[in-house]
Amino acid sequence: MISTARRLLAVLLLTAAAGTACGSEDPATTGQPAKVTLRVGDQKAGSQAFLKAAGLLDGTDYTITWSQFTSGPPLLEAVNAGAVDVGGVGNTPPVFAAAAGSKIKVVAAYRQNLAAAAIVVPDASPITAPAQLKGKKVAVAKGSSAHYHLLSVLKKEGLTFADIQPQYLQPADALAAFSGGTVDAWAIWDPFTSQASIQHKARLLVNGEGYVNGLNFQVAAPSAVDGKEAALRDFLTRLAKARAWSVNHKAEWAKVWAQETGLPQEVADAAVDNAVATPILIDDAVVTSEQQMADAFSAEGLIPGSLKFADFVDQRFNDVVSAQ
């Protein structure tokens with residue numbers, strides 16, 4: 001469980017990071033009932049930029065407030081702390097959050113290009129095969145999708161985390177360590193993969209093919225699922241429509257993505273192919289795949305005990321996918 005101090009810190013950070021709101025009204029001046037506010041956690045892969053590019057950000061009958069996070073684990077800490085209602089994360093953060101007993105529900109699923117997951121090394125590195133990661137310093141964000149990717153790659157080579165020197169760093173710090181030569185490899189996802197490749201001459205060691213399930217999720221607080229269901233359903237519907245739009249509008253999406261996040265345009269252009277994600281049903285196959293991941297982390301001693309992933313899933317919004 002997250003300590004009281006960490007909860008307070010999450011709330012304070014969110015207060016400082018809260019971004020724009022859409023569709024807001026002041027009931028004191030309009031005489032109308034206060035609108036529902038949906039507090040959305042976001043990352044650099046940008047649901048906010050995504051919806052804006054697709055023209056689906058405005059026109060809600062509820063208010064959206066945005067808070068930015070460096071990766072999925074701190075976003076889900078904020079969900080558990082009651083500071084955020086819903087947010088997008090990769091396949092691993094819900095496993096770690098569930099193992100910690102967090103109050104979360106997976107409410108939407110997407111399948112992404114497996115090339116979005118990558119382990120990269122400096123261009124001049126002598127490392128040419130995953131087995132050569134043994135004994136090396138590898139940067140990775142703990143509890144992120146890259147964490148499982150790295151675990152899966154090591155397992156396939158007969159290695160464990162005890163055989164490497166994991167450097168648990170958030171993406172910005174990992175990028176600095178990678179560019180500064182203080183780590184030997186970096187397990188990461190796009191757009192950081194493209195940023196490392198274009199700006200720092202990173203060389204791909206291995207992508208996600210054969211190692212990861214490519215799943216991404218929207219994860220909500222149970223209180224939001226029950227108390228803000230209509231707003232949450234509309235938000236998930238908009239995201240699903242934006243995902244469909246993005247397939248044939250990559251250039252438009254990349255332009256807004258760069259503008260909203262500060263990414264260099266060439267990085268955003270390179271990352272969009274891997275960032276496209278298709279909405280899918282949260283079905284037994286999805287739950288089973290995530291359960292296998294949880295079991296693998298548990299066996300490695302990277303999460304405490306065991307968990308039943310199905311207990312942290314709410315399938316009531318599956319019809320959003322069917323309606324597209």
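This report describes a five-stranded sheet, the helices that lie across it, and two helix pairs in a predicted model.

**The sheet**

Strands E8, E7, E9, E6 and E10 stand side by side in that order and form an open sheet with mixed pairing. Its edges are strand E8 (165–168) and strand E10 (202–207), each of which pairs on one side only. From one strand to the next, the twist averages 30°.

At the E8 edge, strand E7 (residues 137–140) pairs with E8 in the parallel sense, over four bridges. Within this pair, Lys-137 is placed opposite Gln-165 of E8. The chain gets from E7 to E8 by way of helix H6 (residues 145–156), and this β-α-β crossover is right-handed.

**Helices across the sheet**

Helix H7 (residues 171–180) lies across strand E6 (117–122), E7, strand E9 (185–189) and E10. Its direction is at about 145° to E9. Helix H8 lies across E6, E9 and E10, and runs at about 130° to E9.

**Helix pairs**

Two packed helices are described by the angle between their axes and the distance between the axes. The table gives these values for two pairs that involve helix H12 (residues 265–275).

| Helix pair | Angle between axes | Distance between axes |
|---|---|---|
| H8 (residues 192–200) and H12 | about 135° | 9 Å |
| H11 (residues 250–261) and H12 | roughly 130° | within 8 Å |

For H8 and H12, the axes are 9 Å apart at an angle of about 135°. H8 is therefore oblique to H12, and passes H12 in a right-handed crossing. On the H8 side, the residues that meet H12 are Ser-194, Gln-195, Ile-198 and Gln-199. Their counterparts in H12 are Glu-266, Val-267, Ala-270 and Ala-271. The residues of this contact of H8 with H12 comprise four nonpolar, three polar and one charged.

For H11 and H12, the axes cross at roughly 130°. H11 is therefore oblique to H12, and the crossing of H11 and H12 is right-handed. H11 contributes Lys-250, Trp-253, Ala-254, Lys-255, Trp-257 and Ala-258 to the contact. H12 contributes Gln-265, Ala-268, Asp-269, Ala-271, Val-272, Asp-273 and Ala-275. The residues of the contact of H11 with H12 divide into eight nonpolar, one polar and four charged.

Ala-271 of H12 takes part in the contact with H8 and also in the contact with H11. H8, in turn, meets H12 and lies across E6, E9 and E10 of the sheet.

Definitions and conventions:
Residues are numbered from 1 along each chain as its sequence is written. This is a predicted model: local features need pLDDT of at least 70, side-chain atom pairs count only at pLDDT 80 or more; totals for chains, interfaces and linings use all residues. Side-chain values use heavy atoms; hydrogens and water are left out. Axes are lines fitted to C-alpha atoms, for helices over the stretch in contact, and angles run from 0 to 180 degrees between N-to-C directions. Angles under 35 degrees count as roughly parallel, over 145 as roughly antiparallel, 65 to 115 as roughly perpendicular and the rest as oblique. A crossing is left-handed if the near helix is turned anticlockwise from the far one by less than a right angle, and right-handed if clockwise. Contact means heavy atoms within 4.5 Å. Ala, Val, Leu, Ile, Met, Phe, Trp, Tyr, Cys and Pro count as nonpolar, Asp, Glu, Lys and Arg as charged, and the others, Gly among them, as polar. Two strands pair if DSSP finds at least two bridges between them. A crossover is right-handed if, with the strands pointing away from the viewer, the path from the first strand over the helix to the second runs clockwise.
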